[in-house]
Amino acid sequence: MIRLDYRDARPIYEQVRDGLRSLMVTGVLAAGEKLPSVRSLATELAINPNTIQRAYSQLETEGYVYTVSGRGTFVCEVREQNRQRRAEVTARVQPLMEELRDLGMTREEWTDLWKGGDSDA
């Protein structure tokens with residue numbers, strides 16, 4: 001479900017949040033689906049429940065999930081969140097794309113990079 005990389009510079013709660021967000025936007029976790037309880041996900045990932053709670057809280061703040069007292073945390077419809085997240089990521093990527101273009105990266109090299117291929121440019 002979620003992979004943690006202890007060599008990653010990001011805090012564990014961010015990795016959990018990003019992993020869950022990815023599962024939501026790709027449709028693996030559907031709108032209305034109940035997320036695992038904080039305790040069960042913490043046990044599954046062998047991390048502190050407070051870490052999971054922090055990830056869930058951030059996802060709720062971002063509008064990806066909602067909590068029903070006594071019932072659990074559920075996935076929201078994510079279309080609007082996807083649109084907002086795309087705008088945020090695009091704003092961060094745009095300057096990098098411009099720099100790569102200025103450094104002579106071709107459209108073909110960019111396409112290869114975008115598809116996940118290795119680029120030695």
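Overall architecture and selected residues of the predicted model

Read from the start of the sequence to its end, the protein follows the order α-α-α-β-β-α-α, and the structure described here is a predicted model. The secondary structure therefore comprises five helices and two strands, helices and strands being counted as DSSP runs. The radius of gyration is 17 Å, whereas a compact globule of 121 residues would have a value near 14 Å. Along the principal axes, the C-alpha trace extends over about 55 × 30 × 20 Å.

Burial and surface composition were examined next. Of the 121 residues in the protein, 27% are buried, and the exposed surface amounts to about 8,500 Å², of which carbon and sulfur atoms supply 49%. The charged side chains number 17 positive and 19 negative, and the centres of these two sets are 7 Å apart. When contacts between residues at least 6 apart in sequence are considered, 44% of them join residues that are at least 24 apart.

The largest nonpolar core contains 20 residues, and the members with the most contacts inside it are Val16, Leu20, Met24 and Ile52. The elements that contribute two or more residues to this core are helix 1 (12-25), helix 2 (38-45) and helix 3 (49-61). For Val16, once residues up to four places away in sequence are set aside, the residues touched are Ile2, Leu4, Leu45, Ile47, Ile52 and Ala55; one of these, Ile52, is itself among the core residues with the most contacts.

Three further positions were considered individually, beginning with Tyr56, which is placed in helix 3. Tyr56 has a relative accessible area of 3% and is classed as buried because this value is under the 20% limit. Neighbours within four places in sequence being left aside, Tyr56 is in contact with Leu20, Leu35, Pro36, Ser37, Val38, Leu41, Val65 and Thr73. Leu20, one of these partners, also belongs to the core residues with the most contacts. By C-alpha position, Tyr56 is separated by 30 Å from Leu96, a residue 40 places away along the chain.

Ala46 lies in the loop between helix 2 and helix 3, and its phi angle is near 55 degrees, a positive value in a residue other than glycine. With a relative accessible area of 65%, Ala46 is classed as exposed, since the value is over the 50% limit.

Thr90, finally, is located in helix 4, which covers residues 79-102. Its relative accessible area is 44%, so Thr90 is assigned to the partly exposed class, between the limits of 20% and 50%. Thr90 and Ile12 are 78 residues apart in sequence, and their C-alpha atoms are 24 Å apart in space. Taken by accessibility, the three positions are thus described as follows: Tyr56 is buried, Thr90 is partly exposed and Ala46 is exposed.

Key:
Residues are numbered from 1 along each chain as its sequence is written. This is a predicted model: local features need pLDDT of at least 70, side-chain atom pairs count only at pLDDT 80 or more; totals for chains, interfaces and linings use all residues. Side-chain values use heavy atoms; hydrogens and water are left out. Helices (H or I, at least four residues) and strands (E, at least two) are DSSP runs, numbered from the N terminus. The radius of gyration is taken over C-alpha atoms; the globule rule is 2.2 Å times the number of residues to the power 0.38. Buried means under 20% relative accessible area, exposed over 50%, partly exposed in between (1.4 Å probe, protein chains only). Contact means heavy atoms within 4.5 Å. Accessible areas come from the Shrake-Rupley method with a 1.4 Å probe; for residues, only the protein chains shown count as cover. Lys and Arg count as positive and Asp and Glu as negative; His and the chain ends are not counted. The place of a charge is taken as NZ of Lys, CZ of Arg, CG of Asp or CD of Glu. A nonpolar core is a set of buried Ala, Val, Leu, Ile, Met, Phe, Trp, Tyr and Cys residues joined through side-chain atoms within 4.5 Å.
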